[in-house]
Amino acid sequence: MKFKFLSLGLFSLTVVSPLFAPSFTRPASALGCVITDVAVQVDVSGSKKPSQQTHNPNQQFGEDCTGNSVTNTSTQVNTGPNSAQQNVNSNSVVGGGATSNTPGKGDVGVKVHVPVDVYNPAADPNFLNGVGVPKR
């Protein structure tokens, strides 16, 4: 008989324990901040000279940063006979207190650069000179 009560008591404790678990655990919270910087640079030109494409993001994280995020996106497109010089300079500051370029504990800095450089013979004014097409 004592075994039945012990089994019933352990079973009852097991069933009810999930209701008390939240009071013993700490609530979830974001640990740091996130800065995302995405730059897409596209050059579709008739020039065989490569384009110059640079991405210079400056990301500053505050010492008191928790749970904040910043996203920067930029797109540059050039089409025509000449190659392009495309530069992206961006500044992002997130959080309070003293700032640093080095992410602190839990902070995440994401820097994405997508340079696209395509030669387009249709935009090259000299392309037809070298393909054997008779001149008029």
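**A disulfide, a buried glutamine and a valine patch in a predicted model**

In this predicted model, the sulfur atoms of cysteine 33 and cysteine 65 lie 1.6 Å apart and form a disulfide.

Me: How many residues apart are cysteine 33 and cysteine 65, the pair that links distant parts of the chain?
Reply: Cysteine 33 sits in the loop between helix H1 (2–24) and strand E1 (34–45). Cysteine 65 belongs to the loop between E2 and strand E3 (69–80). The separation of the two cysteines is 32 residues.

Me: Is the link of cysteine 33 and cysteine 65 left-handed or right-handed?
Reply: A disulfide is taken as a pair of cysteine sulfur atoms within 2.5 Å, and by this rule the count comes to one. The angle about the S-S bond between cysteine 33 and cysteine 65 is -105°. The link is therefore left-handed.

Me: Is cysteine 33 buried or exposed?
Reply: Cysteine 33 is joined to cysteine 65 by the disulfide. Both cysteine 65 and cysteine 33 are buried.

Me: Why does glutamine 59 count as buried or exposed?
Reply: Glutamine 59 is a residue of strand E2 (residues 52–62). The term buried applies under 20% relative accessible area. Glutamine 59 has a value of 4%, so the residue is buried.

Me: Which backbone oxygen does the side chain of glutamine 59 reach?
Reply: Beyond its neighbours within four places in sequence, glutamine 59 is in contact with residues including Gly109, Val110 and Lys111. Its contacts also include Ile35, Thr36 and Asp37. At 3.2 Å, its side chain reaches the backbone oxygen of valine 110.

Me: Which strand gives the most to the nonpolar patch?
Reply: Val34, Val108, Val110, Val112 and Val114 make a nonpolar surface patch of about 280 Å². Four residues of the patch come from one strand, spanning residues 108–119. That strand is E6.

Me: Is valine 108 buried, partly exposed or exposed?
Reply: Valine 108 lies in strand E6 and is one of the residues making the nonpolar patch. Partly exposed covers values between the limits of 20% and 50% relative accessible area. Because its relative accessibility is 38%, valine 108 counts as partly exposed.

Me: What distance separates the C-alpha atoms of serine 69 and aspartate 107?
Reply: Serine 69 is placed in strand E3, and its relative accessible area of 57% makes it exposed. Leaving out residues up to four places away in sequence, serine 69 touches Val34 and Val94. Serine 69 and aspartate 107 are 38 residues apart along the chain, and their C-alpha atoms are separated by 9.6 Å.

Methods. Residues are numbered from 1 along each chain as its sequence is written. This is a predicted model: local features need pLDDT of at least 70, side-chain atom pairs count only at pLDDT 80 or more; totals for chains, interfaces and linings use all residues. Side-chain values use heavy atoms; hydrogens and water are left out. Patches are made of residues with over 30% relative accessible area and no salt bridge: like charges are joined within 9 Å, nonpolar side chains (Val, Leu, Ile, Met, Phe, Trp, Tyr) within 5 Å. Accessible areas come from the Shrake-Rupley method with a 1.4 Å probe; for residues, only the protein chains shown count as cover. A salt bridge is a side-chain nitrogen of Lys or Arg within 4 Å of a carboxyl oxygen of Asp or Glu. Buried means under 20% relative accessible area, exposed over 50%, partly exposed in between (1.4 Å probe, protein chains only). A polar contact is a pair of N or O atoms within 3.5 Å; within protein, one must be able to donate a hydrogen and the other to accept it, and residues adjacent in sequence count only if both atoms are side-chain atoms. Contact means heavy atoms within 4.5 Å.
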